[in-house]
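Here's a quick tour of a protein for you to follow along with. Keep the viewer open and click on each spot as it comes up.

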Amino acid sequence: MLNLERLRTLDALARHGSVVAASAALHVTTSAVSQQLGKLERETGRQLIARQGRGVRLTDAGQLLAGHAARILSQVEQAEVDLEAQRGAVVGELRLSAFPTAARGLVPATLAVLAAAHPALRVRSRELEAGEGVRAVLRGDLDLAVVLDWYNKPLPLPAGLVKAPLLDDPADVAVPVDHPLAGRESVELAELAEDHWITWGEGEFCHEWLMVTLRAQGIEPHTPHRAEEGHTQLALVAAGLGVCVVPRLGRDPVPEGIRTLAVRNGIRRHVYALWRADADRRPSIRAAVAALEEAAAGVRS
């Protein structure tokens, strides 16, 4: 009889493409992944993986069994969802991700609410950018993700996902205290046309949003410095190296040497939770969304 955990390991390898990536997704060591795959090969009597350069690839038999594994695991997950929904109890494990400022500004309060209200629920959280969170939910690596889009640039969502709005997060512009506009309460983006902009990494959703937004104001931005984390961007601003957009969620404390200025006509992010439609009836999903909404209400107040 095929072992379910070994099938789960094969499925992770097929979806993630390498032993290292599969071990990260399963939260086990690479040695454990290799051992499980070796046992699965002995159980089936077939070679399932083959060496390819420094990595591995699935053989024809491996691809065949991986396809069955994905369907079997989907059925097992659906059975778990149905049983949990029938029981109505908030139990088991919930895997949650949030983009960095939500991980700081929303998730701690959410986890505290869940721990107090549902002590039998085990929550595992991690920090992931919005696009990564969407993909992880689709793959089944996560149950729930907190993601964002911008008022003028929606985040594309594939079919099969459900979302719940949590809050609208205004964003300001951070400038050094000796900037010519630092004494103002608000600015137009066009007034910063000659400044250096500190932005996110190339290809990041927020970086693409910033480029689109500035160019719509007639600004061809100079971006000599890039940083993924908001407080790193603020440290660069404090050093006098440029300006940046700084949303308010999870922002404090703002370093010394910075002024934050409101943007006239406003720029804001939409923050929401999303999960797979086939898991919509899980009490743990509903409890987590309710806890996120409670935490978000605290931010708004």
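Let's start with C244: this cysteine is buried, with a relative accessible area of 1%. Keep in mind that you're looking at a predicted model. The protein has 301 residues, and 45% of them count as buried. We'll take in the whole thing, then drop in on a few residues and a pocket.

**The big picture**

- The protein contains ten helices and twelve strands.
- If you run a ruler along the principal axes of the C-alpha trace, you get about 75 × 50 × 30 Å.
- Take the contacts in the protein with a separation of 6 or more: 75% of them are between residues 24 or more positions apart.

**The cysteines**

- How many disulfides does the structure hold? The count is zero.
- C206 is in no disulfide, and the nearest cysteine sulfur to it belongs to C244, 12 Å away.
- C244 is in no disulfide either, with the sulfur of C206 as its nearest, at 12 Å.
- A disulfide needs two cysteine sulfur atoms within 2.5 Å, so a gap of 12 Å between C206 and C244 doesn't qualify.
- C206 counts as buried too, at 11% relative accessibility.

**T59, in a loop**

- Find T59 in the loop that runs between β2 (55-58) and α4 (60-87).
- Is T59 buried or exposed? T59 counts as buried, because its relative accessibility is 11% and the cut-off for buried is under 20%.
- Leaving out neighbours within four places in sequence, T59 is in contact with Q47, L48, I49 and A50.
- With Q47 there's a specific link to look for: the side chain of T59 reaches the backbone oxygen of Q47 at 2.6 Å.

**The largest pocket**

- The largest pocket has about 1,000 Å³ of space in it.
- There are 36 residues lining this pocket, and the closest to its centre are R8, E77, R95, G140 and D143.
- Several elements give two or more residues to the lining: α1 (4-16), α2 (19-26), α4, β3 (92-98), β4 (121-127) and α7 (130-139).
- Which element gives the largest share of the lining? That's α4, with nine residues.
- Sorted by class, the lining has 19 charged, eleven nonpolar and six polar residues.

**D149, in a strand**

- D149 sits in strand β5, which covers residues 144-150.
- This aspartate is buried, with a relative accessible area of 6%.
- Which residues does D149 touch, once you set aside neighbours within four places in sequence? They are P154, L155, F205, R269, H270 and Y272.
- One of those partners, Y272, also shares a polar contact with D149: their side chains are joined at 3.4 Å.
- Now compare sequence with space: D149 and R268 are 119 residues apart along the chain, yet their C-alpha atoms are separated by 8.9 Å.

**T213, in a helix**

- T213 belongs to helix α8, residues 205-216.
- At 4% relative accessibility, T213 counts as buried.
- Beyond its neighbours within four places in sequence, T213 is in contact with Y151, N152 and L189.
- The side chains of T213 and N152 make a polar contact, at 3.1 Å.
- T213 is also 60 residues along the chain from K153, with 8.9 Å between their C-alpha atoms.

**Two backbone spots to check**

- Look for P253 in the loop between β10 (244-247) and β11 (258-263).
- The peptide bond joining D252 and P253 is cis, with omega about 0°.
- Further along is N265, in the loop between β11 and β12 (267-276).
- N265 isn't a glycine, but its phi is positive, near 75°.
- Is N265 buried or exposed? N265 counts as exposed, because its relative accessibility is 76% and the cut-off for exposed is over 50%.

Terms used
Residues numbered from 1 in each chain as written. Predicted model: local features only at pLDDT ≥ 70, side-chain atom pairs only at ≥ 80, totals over all residues. Heavy atoms only, no water. Buried < 20%, exposed > 50% of the residue type's maximum accessible area, 1.4 Å probe, protein only. Helix = DSSP H or I, 4+ residues; strand = E, 2+ residues; numbered from the N terminus. Polar contact = N/O pair within 3.5 Å; in protein donor to acceptor, adjacent residues only side chain to side chain. Contact = heavy atoms within 4.5 Å. 1 Å grid on protein atoms, 1.4 Å probe; cavity = no way out; pocket = protein on both sides within 12 Å on 5 of 7 lines; lining within 4 Å. Points joined across faces, edges and corners; volume = space filled by probe spheres on them. Nonpolar A, V, L, I, M, F, W, Y, C, P; charged D, E, K, R; others polar.
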